[in-house]
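Here are a few exercises to work through with the model open in your viewer. Try each task before you read its solution.

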There are 2 protein chains.
Amino acid sequence: MAAIKSDILKGTLDLLILKVVALGEVHGYAISQRIQQISRNGFQVQQGSLYPALHRLEKQGWLSADWRATETGREAKYYALTRKGRKQLEAEVADWERIAGAVALILDAAEPS
Amino acid sequence: MAAIKSDILKGTLDLLILKVVALGEVHGYAISQRIQQISRNGFQVQQGSLYPALHRLEKQGWLSADWRATETGREAKYYALTRKGRKQLEAEVADWERIAGAVALILDAAEPS
DNA sequence: GCTTGACGCCTCGGAATCCTAGGTGTATAT
DNA sequence: ATATACACCTAGGATTCCGAGGCGTCAAGC
């Protein structure tokens, strides 16, 4: 309730998912694991965030999904980036860089003498 | 409705406000201007976001406020960082860096060969 | 045989944050 | 006289995330 903010920054999840899917087709459950691994435990995506986000992205036409078998033989929903999704990813990367740059400008602002 | 995301990243506003106030006491109206200036128009803080955020931060005990006269003679509510606020700022800066680092890790992740 | 845990999918409800759009009042410039 | 900048504010809707719960399969351990 108070101060600890281990959350993903709201608005960042879409970017992360799109990027991970761009690295190769994966199913949802694996996406959250990859995000956690690649970020070295910097992010932990909850399932209650993940699946609604995937449906959101699919509805926007950025991801396509089809059921397929895992290496271990289970059925899973594999996601792939659509052409629109690739453009969206580029846009979101650009957005992120603009935002991160702007935040850096403010954090680096020196105190007046 | 669709794609354009000129918004401030949700969760970042508190950090920006705390940092700007840390640079020197200012009133609310000036905070939004400073954020816009320092970020070189990277951010534009709407009043409907600003004032609720200020009240939020004050209620948390991170900012203190008192009415005072502007250089131009008007009354305005000047905000200053409390001791708790300074700690909170440090925590949020650390959080931001952790998050920005994690995002960078993912964005830099190479596609598997 | 049974139970636990990992795998893999899902939804509902609450909490938090932001924006839009409205509103108030004063001073200055046109 | 009117418009614009200053300076404050709130209410409502939209979005996004998390926590908690649920379903079903399969492998491992007891």
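**Exercise 1: the sheet of chain A**

A:Arg68 stands opposite A:Ala76 in β3(A). Keep in mind that this is a predicted model. Starting from that pair, work out which strands form the sheet of chain A and in what order they come.

*Solution.*
Step 1. Begin with β2(A): seven bridges join β2(A) to β3(A), residues 75-81, and the two run antiparallel.

Step 2. Look at how these strands connect. β2(A) and β3(A) make a hairpin with five residues between them, and A:Gly73 in the turn has a positive phi of about 95°.

Step 3. Now find the other partner of β3(A). β1(A) pairs with β3(A), again in the antiparallel sense, over two bridges. In this pairing A:Val26 stands opposite A:Tyr79.

Step 4. Put it together: three strands in the order β1-β3-β2 form an open sheet with antiparallel pairing. β1 (26-27) and β2 (63-69) of chain A each have a single partner strand, so they stand at the edges, and one side of each is left without a neighbour in the sheet.

Step 5. Add the helix. α1(A), residues 13-22, packs on the sheet and touches β1, β2 and β3 of chain A. The direction of α1(A) makes about 95° with that of β3(A).

**Exercise 2: helix α4 of chain A**

Compare the span of α4(A) with the expected one, then find what covers the buried residues of α4(A).

*Solution.*
Step 1. α4(A) covers residues 83-107, which is 25 residues. From first C-alpha to last, α4(A) reaches 36 Å, close to the 36 Å expected at 1.5 Å a residue.

Step 2. Pick out the buried positions. Among them are A:Gly85, A:Leu89, A:Trp96, A:Ile99, A:Val103 and A:Ile106. The polar-looking names deserve a check too: A:Gln88 and A:Glu92 are buried as well.

Step 3. See what lies over them. The cover includes α1, β2 and β3 of chain A, together with α1 (13-22), α2 (28-38) and α4 (83-107) of chain B.

**Exercise 3: the two chains together**

Describe the side of chain B that touches chain A, then find how chain B can be laid on chain A.

*Solution.*
Step 1. Count the contacts: 34 residues of chain B are in contact with 34 residues of chain A.

Step 2. Sort the chain B side by element. α1, α2 and α4 of chain B give two or more residues each, and α4(B) supplies the largest share, 14 residues.

Step 3. Sort that side by class, and you get 20 nonpolar, seven polar and seven charged residues.

Step 4. Superpose the copies. A turn of 180° with a shift of 0.0 Å along the axis lays chain B on chain A with an RMSD of 0.0 Å. That is the relation of a two-fold axis.

Step 5. Locate the axis: of the residues of chain B, B:Lys10 comes closest, with its C-alpha at 2.8 Å. The same surface serves both copies, as 100% of the contact residues of chain B recur in chain A.

Key. Residues are numbered from 1 along each chain as its sequence is written. Chains are lettered from A and ligands numbered from 1 in the order in which they are written. This is a predicted model: local features need pLDDT of at least 70, side-chain atom pairs count only at pLDDT 80 or more; totals for chains, interfaces and linings use all residues. Two strands pair if DSSP finds at least two bridges between them. Helices (H or I, at least four residues) and strands (E, at least two) are DSSP runs, numbered from the N terminus. Two residues are in contact if their C-beta atoms, placed from the backbone, lie within 7 Å. Axes are lines fitted to C-alpha atoms, for helices over the stretch in contact, and angles run from 0 to 180 degrees between N-to-C directions. The expected span of a helix is 1.5 Å times one less than its number of residues. A residue is buried if 20 or more other C-beta atoms lie within 10 Å of its own, exposed if 12 or fewer, and partly exposed in between; C-beta atoms are placed from the backbone. Ala, Val, Leu, Ile, Met, Phe, Trp, Tyr, Cys and Pro count as nonpolar, Asp, Glu, Lys and Arg as charged, and the others, Gly among them, as polar. Copies are superposed by least squares on the C-alpha atoms of residues with pLDDT of at least 70 in both.
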